There are 2 protein chains.
Amino acid sequence: MEAPYIVIIATGSEITAGRSLDTNSGWMANQLFELGWKVKKFIALPDDPELILSELQTLKKLAESRPVLALMTGGLGPTEDDYTLETVLKLNGKKSFSVEKAKIRLTRVYESRGKQYSDILPTVLRQTFVPEDCKILDNNVGIAVGFVEPIGVDSYLVCMPGVPSEMKEMFTRRLTPELKRIYPRENLVQKTKWLWNIGESLYQKDFIEKYREDLFSDVEWGVTANRGYIKCIFQSTEPKSLEKIIFALESQYPKIISDDVFSYVHEELILRKHTIAVGESCTGGLLGKKLTDSPGSSAYFLGGFLTYSNALKVSLLGVPANVIDEFGAVSRETAEVMAKGIFEKTEADYCISITGIAGPEGGTDIKPVGTVWIGIKTPDGMIQTHSYIFPGNREGIRENASNTALFLLYQSLKQRNV
Amino acid sequence: MEAPYIVIIATGSEITAGRSLDTNSGWMANQLFELGWKVKKFIALPDDPELILSELQTLKKLAESRPVLALMTGGLGPTEDDYTLETVLKLNGKKSFSVEKAKIRLTRVYESRGKQYSDILPTVLRQTFVPEDCKILDNNVGIAVGFVEPIGVDSYLVCMPGVPSEMKEMFTRRLTPELKRIYPRENLVQKTKWLWNIGESLYQKDFIEKYREDLFSDVEWGVTANRGYIKCIFQSTEPKSLEKIIFALESQYPKIISDDVFSYVHEELILRKHTIAVGESCTGGLLGKKLTDSPGSSAYFLGGFLTYSNALKVSLLGVPANVIDEFGAVSRETAEVMAKGIFEKTEADYCISITGIAGPEGGTDIKPVGTVWIGIKTPDGMIQTHSYIFPGNREGIRENASNTALFLLYQSLKQRNV
């Protein structure tokens with residue numbers, strides 16, 4: 001069988017009105033890629049039954065000539081602007097029925113709130129309905145039942161809730177085994193590396209162009225720009241070809257290459273039983289937030305200081321007022337004594353300080369907006385400082401600064417590992 | 001003229017592979033809505049010239065029967081997977097030329113880096129090319145030039161860079177005046193209110209259904225779920241009808257209604273010259289980060305404490321160890337003494353403490369995952385504490401907690417305003 005033409009459809013007027021960001025489609029595309037399928041198109045439509053029906057009819061038509069897999073999220077909820085079921089019934093001329101298991105689940109939810117079956121609103125009950133003769137996808141997180149509906153030879157329309165946690169559970173546990181059963185897959189392997197403070201076009205010129213003939217005959221490559229780093233992605237059916245490329249990349253960029261620093265830092269700090277504390281000025285808590293994104297971060301993250309004002313730099317971290325007066329709050333000297341102060345107050349193995357100008361105001365000729373000093377105190381007691389001029393707007397500079405701080409931590413952990 | 005059928009197209013394999021989130025389309029839809037136009041469809045396509053051309057041909061075909069406005073971002077960059085220009089030339093059988101002004105701009109950028117025109121790579125230079133006889137959209141932020149290309153009667157394809165800062169500037173300053181000139185607009189007015197800790201379906205039943213006949217004959221409504229709150233959106237050509245709805249909504253939900261708390265808190269704290277400091281446990285810096293998202297937040301945000309570990313709650317904020325032993329780190333008592341400790345160390349007018357269980361581990365029967373205590377010390381010296389059991393995963397609980405803390409601050413500021 002030919003690989004399916006895969007389309008992901010997100011429904012919701014909040015999406016096409018720009019009030020809400022569709023994160024489901026990207027998540028599914030990522031999962032599908034790892035399973036060996038590539039997505040050809042994303043579509044987002046408002047909660048308009050005519051537009052949705054017309055799109056589904058187009059896909060059903062396409063399914064007459066090749067296998068089509070359409071994955072649709074949203075429109076299964078309890079409000080009157082949820083049209084998915086009604087539209088699918090019209091598409092295939094079917095009737096619907098209420099899934100007994102989902103009805104029982106819904107009743108239990110109501111009972112746990114001291115209510116009973118008769119209290120359930122009809123609009124809420126509607127979420128338990130699916131088309132006749134479809135493949136049911138149970139919802140273990142919420143109420144709305146998902147389903148897989150045939151739309152042609154080897155062609156299916158999958159309908160799932162728009163709530164990300166419900167969709168993800170349903171996709172992983174219920175849908176993935178079905179898809180594996182139905183469709184053949186490409187046996188793709190993927191490798192990703194991060195390069196710090198380098199632009200996409202320079203990378204393409206210096207690396208991709210240089211090795212095009214030697215390395216990229218059977219490897220696809222991609223690159224995405226992030227805050228502070230680019231992700232270099234390579235895909236192939238040949239694991240050995242990927243290994244060669246990673247070796248060349250590491251040889252060319254030994255000082256700015258990394259793996260996923262977020263997961264590395266998390267795992268290594270736990271493994272080594274090392275602790276960390278922070279002192280943030282311009283990032284206002286963003287570094288602490290990133291360090292506590294992963295469950296289990298309490299094993300290493302002690303806490304820290306948000307010294308946004310100069311007064312708090314002095315009173316909380318013991319930065320001498322004359323250091324700020326003489327060198328400025330954004331300086332090597334301030335970053336260094338901040339790191340020292342964090343250590344004195346927390347005794348953490350790693351202490352990271354950030355002080356900079358996030359803008360849009362506050363820049364000067366000598367210290368333009370984007371100037372950031374980062375201090376890092378390592379377990380040996382040494383304090384290193386690093387300065388950057390990050391590009392971008394306020395948000396970009398703050399993201400750059402906190403990501404780069406994690407990269408410095410990554411490098412320090414790596415060095416000590418060798 | 002009929003209102004145009006508006007489609008927004010994002011190109012980029014990183015989007016359809018799920019490695020990057022398309023935020024441009026939503027931003028544009030929002031802008032267009034405010035200008036009086038609704039978007040019918042979002043499409044995202046990989047960097048595949050055949051797929052892009054086929055989509056554009058479909059839209060050109062549609063433009064034979066009605067005005068079509070297609071807004072496309074991405075594919076104008078310097079890398080070889082940028083196909084937009086080439087595809088548009090093929091679509092309309094045109095040739096391209098290099099825009100003199102953009103070439104001069106690019107040369108200046110090179111000169112500022114100590115290079116000269118001859119150093120510019122051909123792929124970089126390609127970004128200055130547009131189709132013959134198009135309407136040029138200057139890029140004041142980056143290099144790639146945008147353009148408006150006719151695809152039928154009153155129908156246009158707009159091509160803009162995918163870099164958000166470049167696209168936004170181009171859209172606002174160059175494209176918007178063009179669109180206003182070309183297309184008639186609906187004279188829509190919009191009002192938005194936030195309701196805290198209430199579900200969408202309950203809101204629909206208790207408010208929308210109740211007032212359906214009285215209030216919603218000439219008003220469209222929408223609702224989006226966020227972390228801790230829902231946004232209730234109303235649109236109409238009749239400003240008076242909107243006023244009536246807002247009045248009814250405020251009367252029904254006096255205790256949980258708010259405007260945009262982020263901008264209100266920012267403006268009011270500046271206006272009143274009040275300062276704020278925070279002490280965060282489970283949110284790890286997220287509240288501080290949110291309080292410093294807006295430029296100018298240094299007028300009120302002093303800083304604070306990330307007391308993730310209990311030891312730091314004791315040493316930095318003076319929480320008595322026996323309070324933690326007796327009541328737990330997640331308790332009314334701890335939240336209260338944390339707020340007190342923040343004040344003692346910072347003397348801020350407002351002091352907010354957050355302590356909770358973000359999960360997935362650490363929950364008990366009495367204090368399940370999601371339990372969060374928030375303390376708020378107001379300028380009168382009083383400390384209030386509030387407890388919540390927030391739904392969702394770790395990220396959701398942390399977002400809920402920090403947003404709700406801002407809502408408590410909003411309420412306190414509002415009260416003192418009356």
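I took two strands as paired if DSSP finds at least two bridges between them, and I read helices (H or I, at least four residues) and strands (E, at least two) as DSSP runs, numbered from the N terminus. I am working on a predicted model, in which local features need pLDDT of at least 70 and side-chain atom pairs count only at pLDDT 80 or more, while totals for chains, interfaces and linings use all residues. Residues are numbered from 1 along each chain as its sequence is written, chains are lettered from A and ligands numbered from 1 in the order in which they are written, and side-chain values use heavy atoms, with hydrogens and water left out.

**Entry 1: strand β11 of chain A**

I began with β11(A), residues 229–236, and asked how many of its eight residues are buried, where buried means under 20% relative accessible area, exposed over 50% and partly exposed in between, with a 1.4 Å probe and protein chains only. Seven of the eight are buried, so the strand is largely enclosed by the rest of the structure. On one pairing, β9(A) (residues 189–196) runs antiparallel to β11(A) and is joined to it by eight bridges, with A:K191 standing opposite A:F234. I then looked up β10(A) (residues 219–225), which is likewise antiparallel to β11(A), through seven bridges, and there A:V219 has A:S236 as its bridge partner. The hairpin formed by β10(A) and β11(A) leaves three residues between the strands, and A:G228 in the turn has a positive phi of about 105 degrees.

**Entry 2: the sheet that runs through both chains**

I followed an open sheet of 10 strands with mixed pairing, in the order β17(A)-β16(A)-β15(A)-β13(A)-β14(A)-β14(B)-β13(B)-β15(B)-β16(B)-β17(B). Its edges are β17 (383–389) of chain A and β17 (383–389) of chain B, each of which pairs on one side only. From one strand to the next the twist averages 15 degrees, with axes as lines fitted to C-alpha atoms (for helices over the stretch in contact) and angles running from 0 to 180 degrees between N-to-C directions.

Within chain A, I found β13 (residues 276–280) and β14 (residues 301–307) paired in the parallel sense over five bridges, and A:A277 has A:G303 as its bridge partner in β14(A). Helix α12 of chain A (residues 310–317) lies across β14 and β15 (350–356) of chain A together with β14 (301–307) of chain B, at about 140 degrees to β14(A). Helix α15 of chain A (residues 394–415) packs on the sheet as well, touching β13, β15, β16 (371–377) and β17 of chain A, and its direction makes about 30 degrees with that of β16(A).

**Entry 3: strand β15 in chain B, and A:T355 in chain A**

In chain B, I noted that seven of the seven residues of β15 (residues 350–356) are buried. B:Y350, B:I352, B:I354 and B:G356 lie on one side, and B:C351, B:S353 and B:T355 on the other. The strand pairs in the parallel sense with β13(B) (residues 276–280) over five bridges, where B:E280 stands opposite B:I354, and six bridges join it to the antiparallel β16(B) (residues 371–377), where B:I352 has B:I376 as its partner.

In strand β15 of chain A I looked up A:T355, which counts as buried at 1% relative accessibility. A polar atom of its side chain lies 2.7 Å from the backbone oxygen of A:A329. Leaving aside neighbours within four places in sequence, its contacts (heavy atoms within 4.5 Å) include A:S281, A:K313, A:M338 and A:W373.

**Entry 4: how the copies relate**

What turn lays chain B on chain A? A turn of 180 degrees with a shift of 0.1 Å along the axis does this with an RMSD of 0.1 Å, the copies being superposed by least squares on the C-alpha atoms of residues with pLDDT of at least 70 in both. The two copies are thus related as by a two-fold rotation axis. Among the residues of chain B, B:G285 comes closest to that axis, at 1.9 Å (C-alpha). I also noted that 100% of the interface residues of chain B are interface residues in chain A too, so the copies meet through the same surface.

**Entry 5: helix α4 of chain B**

Last, I checked α4(B) (residues 84–92), where seven of the nine residues are buried, among them B:L85, B:V88 and B:L89. The helix is followed by B:G93, which has a positive phi near 55 degrees.

Key. A polar contact is a pair of N or O atoms within 3.5 Å; within protein, one must be able to donate a hydrogen and the other to accept it, and residues adjacent in sequence count only if both atoms are side-chain atoms.
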